Amino acid sequence: MALHTGQQTYISLYTGGGGLDLGFRRANPDAVPLLYVERELPAAAFVVDHIKAGLLDEAPVWADTGTLDCRPFAGKVDWIIGGFPCQPWSVAGKREGKEDDRWLWDDIKQIAMSVQPKGFFLENVSGLITGHGIDTILGDLSE
């Protein structure tokens with residue numbers, strides 16, 4: 001079942017191997033990426049390789065959400081999708097939460113405020129809920 005009919009645009013944050021993009025596109029076949037953002041160099045190279053191989057659609061690849069100027073995308077983005085770093089909340093890690101340098105919600109919030117998407121499709125570990133990171137996210141989204 002498609003999320004929406006007709007062409008939808010999206011920005012993919014923390015794209016990794018592109019699995020979330022592939023699933024999103026399967027549910028929304030007309031979706032078009034405007035930008036991939038991947039901060040880990042090996043994963044960014046993987047995204048580029050997948051674009052070249054035709055496994056992911058062509059779009060620019062940016063390395064850092066903290067330096068991304070989203071003003072050119074304002075009013076042009078239907079969705080923000082992404083799997084932002086889970087280490088701050090994962091039971092396999094130190095669970096430093098908002099104190100962890102990999103807690104990137106503030107970057108996502110800034111991007112969302114700049115582009116004003118119609119929707120979000122974000123994924124993370126269950127520790128985000130039990131560690132109360134979700135409280136911050138939902139509070140910010142309610143604004």
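What is the volume of the largest pocket? In this predicted model, the answer comes out at about 180 Å³. As background, rolling a probe the size of a water molecule over the atoms shows where empty space is left. The lining of the largest pocket is made up of Trp-105, Lys-109, Ala-112, Met-113, Gln-116, Pro-117, Phe-120, Asp-140, Leu-141 and Glu-143. Sorted by character, that lining splits into six nonpolar residues, three charged and one polar. Two helices, H3 (105-115) and H5 (133-142), each put in at least two lining residues, and H3 has the largest share with four.

One of the lining residues, Pro-117, also turns up around Asp-78. Asp-78 sits in the loop that runs between strand S3 (61-62) and strand S4 (79-83). Leaving aside residues up to four places away in sequence, Asp-78 touches Pro-117, Lys-118 and Gly-119, along with Gln-7, Gln-8 and Thr-9. The contact with Thr-9 has a polar side to it: the Asp-78 side chain gets to the backbone nitrogen of Thr-9 at 2.9 Å. As for solvent, Asp-78 has a relative accessible area of 10%, so it counts as buried, the cut-off being under 20%.

Ser-126 is another loop residue, placed between strand S5 (119-123) and helix H4 (127-130). With 57% relative accessibility, Ser-126 is exposed, because the bar for that label is over 50%. Leu-141, one of the pocket-lining residues, is 15 residues away from Ser-126 in sequence, and the two C-alpha atoms are 19 Å apart in space.

On to the backbone. Most residues other than glycine have a negative phi. Arg-95 has a positive one, near 55°, and is located in the loop between S4 and H3. Its relative accessible area is 36%, so Arg-95 falls in the partly exposed class. His-132 has a positive phi too, near 75°, and belongs to the loop linking H4 and H5. At 49% relative accessibility, His-132 is also partly exposed, because exposed would take a value over 50%.

Last come the cysteines. A disulfide is a covalent bond between the sulfur atoms of two cysteines. Searching the whole structure turns up zero of them. Cys-70 has a relative accessible area of 2%, so it is buried. Cys-86, at 29% relative accessibility, is partly exposed.

Note on methods
Residues numbered from 1 in each chain as written. Predicted model: local features only at pLDDT ≥ 70, side-chain atom pairs only at ≥ 80, totals over all residues. Heavy atoms only, no water. 1 Å grid on protein atoms, 1.4 Å probe; cavity = no way out; pocket = protein on both sides within 12 Å on 5 of 7 lines; lining within 4 Å. Points joined across faces, edges and corners; volume = space filled by probe spheres on them. Nonpolar A, V, L, I, M, F, W, Y, C, P; charged D, E, K, R; others polar. Disulfide = S-S within 2.5 Å. Buried < 20%, exposed > 50% of the residue type's maximum accessible area, 1.4 Å probe, protein only. Polar contact = N/O pair within 3.5 Å; in protein donor to acceptor, adjacent residues only side chain to side chain. Contact = heavy atoms within 4.5 Å.
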